[in-house]
Amino acid sequence: MVKHLSTASFLTLPSGNQVHPSRLIHRDGTIMWKHALISPYNELFLPETEAHEAHIIKTAARLEELNCWASQGLEPWDCLIPLMWYIPVHQHLPFAEGYACTFKHASIDTKTVLEKIRPHIQEFESLSHADGDLYFQRC
């Protein structure tokens, strides 16, 4: 059994860090780099700048916090699942820069998740229901 990953499978970020798409953005979290960097159309978009990379990391941290409120008492795989996140060619600036994302929950309906996490949204953030999914934006 091979105990290492091929270097060809790693992605190089603007900071110089190399990450595997299936690596968690934050240790002990649930969100992987592929959730942020692979679009719903299976296109890979690497961050163009260190600022975009930082937005993705900060947004992931905030989603992990919200996941704690949404998924209390559930198994780790019953969590928030990002659907659309970083797409630098998107006309909506928050998606283009990585500080917004749409998501759903693996096992809880959208309305219930919205009710659970809405009280934990900070004043500089927004959370809304959009096309059956949740839309979260920092800043």
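**An antiparallel sheet and the helix α2**

Ser126 has Gln137 of strand β6 as its bridge partner. The model is predicted. Strand β5 (residues 126-130) pairs with β6 over five bridges, in the antiparallel sense. The two strands form a hairpin with two residues between them. In this hairpin, Asp131 adopts a positive phi near 55°.

Strand β6 also pairs with strand β4 (residues 100-105). Four bridges join β4 and β6, and the two run antiparallel. Here Phe103 is matched with Leu134 of β6. Strand β4 in turn pairs with β3, again antiparallel and over four bridges. Within that pairing, Met84 has Thr102 of β4 as its bridge partner.

Together these pairings give an open sheet of four strands. The strand order is β3-β4-β6-β5, with antiparallel pairing. Strands β3 and β5 stand at the edges, and each has a single partner strand, so one side of each lacks a neighbour in the sheet. From one strand to the next, the twist averages 35°. Burial was examined for β6, which spans residues 133-137. Four of its five residues are buried, so the rest of the structure largely encloses this strand.

Helix α2 covers residues 50-70. At 1.5 Å a residue, its 21 residues should span 30 Å. The end C-alpha atoms lie 30 Å apart, which agrees with that expectation. The buried residues of α2 include Ile56, Ala60, Leu63, Leu66 and Ala70. Polar and charged side chains are also on the buried list, among them Glu53, Thr59, Arg62, Glu64 and Asn67. His52 and His55 are buried as well. The cover over the buried residues of α2 includes helical elements, namely α1 (33-37), α3 (93-97) and α4. Strands β3 (80-84), β4 and β6 also contribute to this cover. The sheet order places β4 beside both β3 and β6.

The packing of α2 against helix α4 (residues 110-117) was examined further. The two axes come within 9 Å and cross at roughly 105°. An angle from 65 to 115 degrees counts as roughly perpendicular. Helices α2 and α4 are therefore roughly perpendicular to each other. From α2, the contact involves Leu66, Trp69 and Ala70. From α4, Val113, Lys116 and Ile117 meet them. By class, this contact has five nonpolar residues, no polar residues and one charged residue. Lys116 is the charged residue. Leu66 and Ala70 are also among the buried residues of α2.

Notes:
Residues numbered from 1 in each chain as written. Predicted model: local features only at pLDDT ≥ 70, side-chain atom pairs only at ≥ 80, totals over all residues. Heavy atoms only, no water. Buried < 20%, exposed > 50% of the residue type's maximum accessible area, 1.4 Å probe, protein only. Pairing = 2+ DSSP bridges. Axes fitted to C-alpha atoms, helices over the stretch in contact; angles between N-to-C directions. Parallel < 35°, antiparallel > 145°, perpendicular 65-115°, else oblique. Contact = heavy atoms within 4.5 Å. Expected span 1.5 Å × (residues − 1).
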